[in-house]
Amino acid sequence: MTATTTQLKHEVKDLSLAPLGKQRIEWAGREMPVLGLIRDRFAKEKPFAGIRLSACCHVTTETAHLAIALKAGGADAVLIASNPLSTQDDVAASLVVDYGIPVFAIKGEDSATYNRHVEIALDHKPNIIIDDGSDVTVHLVQHRQNQLPDIIGTTEETTTGIVRLAAMFKDGVLSFPAMNVNDAETKHFFDNRYGTGQSTLDGIIRATNLLLAGKTIVVAGYGWCGKGTALRARGMGANVIVTEINAVRALEATMDGFRVMPMEQAAAEGDLFITVTGNKHVIRGEHFAQMKDGAIVCNSGHFDIEIDLKALGAEASEVRTVRPFTQQYHLKSGKSVIVLGEGRLINLAAAEGHPSAVMDMSFANQAMACEYLVKNKGKLQPGLHSIPREVDQEIARLKLEAMGINMDTLTSDQVEYMNSWTSGT
């Protein structure tokens with residue numbers, strides 16, 4: 001398109017995809033009761049009236065419900081993609097056509113288009129930024145200093161983004177509050193572990209039709225995402241190796257029954273490699289050289305830098321696409337290495353991302369974090385802020401209620417005992 005960013009009202013692949021997108025958005029809503037309750041309250045209270053909001057997220061059926069809830073609350077919202085391969089084009093179309101939400105996202109968009117969409121998000125002059133990896137926030141601080149006075153705050157729900165925000169604060173450039181949605185218990189315990197674990201294997205299987213049983217799978221990183229991935233891979237019958245740099249996590253993986261070793265050693269043993277570290281070049285040239293012929297590598301961390309594809313490309317005599325989202329690198333040594341999803345998030349590149357049931361809690365946290373920023377405008381110090389514990393607990397309670405599960409409550413005698421220091425054995 002030749003129009004300037006200020007002239008564009010949306011940029012999606014094909015508006016005629018909207019009917020399918022609306023149908024899929026409605027289907028996802030069946031598994032998102034908590035966010036539905038929040039949306040209904042927002043519609044009555046309008047906490048975001050007069051607030052401009054720019055969201056940089058994976059444009060999926062689940063994200064659609066977050067955008068719809070924020071608009072119901074009165075937000076003047078714009079949505080862009082947080083990853084070039086994570087957009088569901090039918091969902092993007094439906095948000096524009098059926099819900100009147102400006103969306104700038106196309107599955108497979110190149111880096112220039114992605115960067116232009118980041119500019120569009122900031123052209124909206126947001127008061128609140130919902131970020132996924134902190135690209136918009138970083139660009140704001142680096143290139144749009146004049147807009148900083150308009151910012152109430154930002155929310156971030158990825159480990160990668162939180163690391164970047166912490167580094168920004170350490171360097172003295174984060175001059176506004178940022179809500180650490182990622183560390184909410186109802187986010188990382190469930191989204192990272194159960195969501196990433198299931199959706200990562202879903203993406204791998206869709207891209208390859210690979211039988212996991214009997215394969216040796218190397219999981220790089222044993223944070224919550226790594227735990228979920230390793231546990232589910234073992235549940236599918238795989239022999240799982242874990243690589244780690246953190247002694248406590250390496251010990252935990254060992255106690256959980258996994259083999260733990262350096263990537264240098266694991267490279268020769270693995271049939272399938274999955275990176276979930278949030279770090280750079282976890283799989284490098286020296287590792288590719290040791291891999292078996294036909295080894296498969298993929299990433300389920302936020303950015304595509306976990307696998308050193310430049311090093312792999314330098315050793316390749318030919319690269320060809322053998323299936324959708326599946327590229328075979330023929331190496332000069334005669335072996336081949338297969339890369340899934342261009343090294344980007346495999347669960348969103350080749351599949352649909354996390355199940356709606358876990359994103360219900362994650363996006364409930366996002367919505368409540370935005371409301372918290374507005375309610376506490378001017379009161380919060382610059383830097384990272386945790387989701388209030390009472391909000392976390394309320395989201396969990398609502399989820400249990402929606403699932404038809406009851407739990408115990410303390411008796412008055414128990415409350416007295418828990419708050420006393422004089423009672424002992």
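Let's start in the middle of a sheet, where A295 stands opposite V337 in β14. This is a predicted model, and that pairing is a handy way into it. A295 belongs to strand β11, which covers residues 295-299. Between β11 and strand β14 (residues 336-340) there are 3 bridges, and the two strands run parallel.

Now look at the other neighbour of β11. Strand β10 (residues 272-275) is joined to β11 by 4 bridges, again in a parallel arrangement. Within that pair, F273 sits opposite V297 of β11. To get from β10 to β11 the chain passes through helix α12 (residues 285-290), and this β-α-β crossover is right-handed.

So how enclosed is β11? Residues count as buried under 20% relative accessible area, and 5 of the 5 residues of β11 are buried, so the strand is largely enclosed by the rest of the structure. Its side chains split between two directions: A295, V297 and N299 point one way, I296 and C298 point the other way, and all are buried.

Step back and you can place these strands in the whole sheet. It is an open sheet of 8 strands, in the order β9-β8-β7-β10-β11-β14-β13-β12, and its pairing is mixed. At the edges stand β9 (259-260) and β12 (316-323); each has a single partner strand, so one side of each lacks a neighbour in the sheet. For β9, strand β8 (residues 239-243) is joined to it by 2 bridges, and the two run parallel. There, V242 has V260 in β9 as its bridge partner. Helix α8 packs on the sheet, touching β10, β11, β12, β13 (326-331) and β14, and its direction makes about 140° with that of β10.

Helix α8 (residues 185-208) also brings us to some annotated residues, since D191 is found in it. The unreviewed UniProt entry places the feature "binding site" at T60, D132, E157, K187 and D191. Is D191 buried or exposed? With a relative accessibility of 4%, D191 counts as buried. Leaving out residues up to four places away in sequence, D191 touches E157, T196, H354, V358, M359 and S362. One of those contacts, E157, is itself on the UniProt list.

E157 turns up again around D132. D132 lies in the loop between β4 (128-131) and α6 (135-143), and it is buried too, with a relative accessible area of 4%. Beyond residues up to four places away in sequence, D132 touches C56, C57, H58, S82, E156, E157, T158 and H302.

Just after that loop comes α6, and here 7 of the 9 residues are buried, so the helix is largely enclosed by the rest of the structure. The buried residues are D135, V136, T137, V138, H139, L140 and V141. What covers them? The cover includes β1 (52-57), β2 (76-81), α5 (111-123), β4, β5 (153-156) and α7 (159-170).

Finally, the overall picture. The protein has 17 helices and 15 strands. Its radius of gyration is 22 Å, close to the 22 Å that the globule rule gives for 425 residues, so it is as compact as a globular protein of that length. Along the principal axes, the C-alpha atoms fill a box of roughly 75 × 65 × 45 Å. Of the 425 residues, 54% count as buried. Among contacts with a separation of 6 or more, 73% come from residues 24 or more positions apart.

Technical notes: Residues are numbered from 1 along each chain as its sequence is written. This is a predicted model: local features need pLDDT of at least 70, side-chain atom pairs count only at pLDDT 80 or more; totals for chains, interfaces and linings use all residues. Side-chain values use heavy atoms; hydrogens and water are left out. UniProt positions are given in the numbering used here, feature names are shortened, and annotations may be inferred rather than shown by experiment. Buried means under 20% relative accessible area, exposed over 50%, partly exposed in between (1.4 Å probe, protein chains only). Contact means heavy atoms within 4.5 Å. Two strands pair if DSSP finds at least two bridges between them. A crossover is right-handed if, with the strands pointing away from the viewer, the path from the first strand over the helix to the second runs clockwise. Axes are lines fitted to C-alpha atoms, for helices over the stretch in contact, and angles run from 0 to 180 degrees between N-to-C directions. The radius of gyration is taken over C-alpha atoms; the globule rule is 2.2 Å times the number of residues to the power 0.38.
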